[in-house]
Amino acid sequence: MNQINPKKLLHSKWQAVSPTNKEKHFIVTKVRFDETEKVSLCVLEAVYSHNQYHIDWRILKDKQKWLPGWK
């Protein structure tokens, strides 16, 4: 399980373990918090295609799908 601090999520870099459509490297471009300081919005942008995906930030904890940083 990847350890993630929601406060440091913005501009963090992620690598997909199984890339699709040549999208392997991603950057978190938007993070919004609700009034209880929980993440209410997380947007992941593919570096190659600039496609944006609204995701549940907790999926980034899965080491079988996501790795922190780029290699």
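This report describes the fold, the nonpolar core and several individual residues of a predicted protein model.

**Overall fold**

The protein contains five strands and zero helices. In sequence order the pattern is β-β-β-β-β. Its radius of gyration is 12 Å, close to the 11 Å that the globule rule gives for 71 residues, so the protein is as compact as a globular protein of that length. The C-alpha trace spans about 35 × 25 × 15 Å along its principal axes.

Of the 71 residues, 31% are buried. Contacts that reach far along the chain are also present: among contacts between residues at least 6 apart in sequence, 43% join residues at least 24 apart.

**Surface and charge**

The exposed area of the protein is about 5100 Å², and carbon and sulfur atoms supply 52% of that area. There are 13 positive side chains and 7 negative ones. The centres of these two sets lie 8 Å apart.

**The nonpolar core**

In soluble globular proteins, nonpolar side chains tend to be buried together. Here the largest nonpolar core has 15 residues. The members with the most contacts inside this core are Leu9, Trp14, Val28, Cys42, Leu44, Leu60 and Trp66. Strands β1 (13–20), β2 (23–33) and β3 (39–46) each supply at least two residues of the core. Strand β3 gives the largest share, four residues.

Leu60 shows how parts of the chain meet in this core. With its neighbours within four places in sequence left aside, Leu60 is in contact with Asn2, Ile4, Leu9, Trp14, Val28, Leu44, Ile55 and Trp66. Among these partners, Leu9, Trp14, Val28, Leu44 and Trp66 are also listed with the residues that have the most contacts inside the core.

**Selected residues**

The table gives the location and relative accessible area of four residues.

| Residue | Location | Relative accessible area | Class |
|---|---|---|---|
| His11 | segment before β1 | 57% | exposed |
| Gln15 | strand β1 | 7% | buried |
| Asn21 | loop between β1 and β2 | 66% | exposed |
| Pro68 | strand β5 (residues 66–68) | 45% | partly exposed |

Gln15 is a buried residue in strand β1. Apart from neighbours within four places in sequence, Gln15 is in contact with Lys24, His25, Lys65, Trp66, Leu67, Gly69, Trp70 and Lys71. Its relative accessible area of 7% falls under the 20% limit, which means that Gln15 counts as buried.

Two residues stand out by their backbone angles. Most residues other than glycine have a negative phi. His11, in the segment before β1, has a phi near 70°, a positive value in a residue other than glycine. Asn21 is not a glycine either, and its phi is positive at about 55°. Asn21 lies in the loop between β1 and β2. His11 is exposed, and Asn21 is exposed as well.

Pro68 belongs to strand β5 (residues 66–68). Pro68 and Asn2 are 66 residues apart along the chain, and their C-alpha atoms are separated by 7.7 Å. Pro68 is in contact with Asn2, Lys13 and Trp14, leaving aside its neighbours within four places in sequence. Asn2 and Trp14 are also among the contacts of Leu60. At 45% relative accessibility, Pro68 lies between the 20% and 50% limits and so counts as partly exposed.

Terms used. Residues numbered from 1 in each chain as written. Predicted model: local features only at pLDDT ≥ 70, side-chain atom pairs only at ≥ 80, totals over all residues. Heavy atoms only, no water. Rg over C-alpha atoms; globule rule 2.2 N^0.38 Å. Buried < 20%, exposed > 50% of the residue type's maximum accessible area, 1.4 Å probe, protein only. Contact = heavy atoms within 4.5 Å. Areas by Shrake-Rupley, 256 points an atom, 1.4 Å probe, with all protein chains shown as cover. Lys, Arg positive; Asp, Glu negative; His and termini not counted. Charge placed at Lys NZ, Arg CZ, Asp CG, Glu CD. Core = buried A, V, L, I, M, F, W, Y, C linked by side-chain atoms within 4.5 Å.
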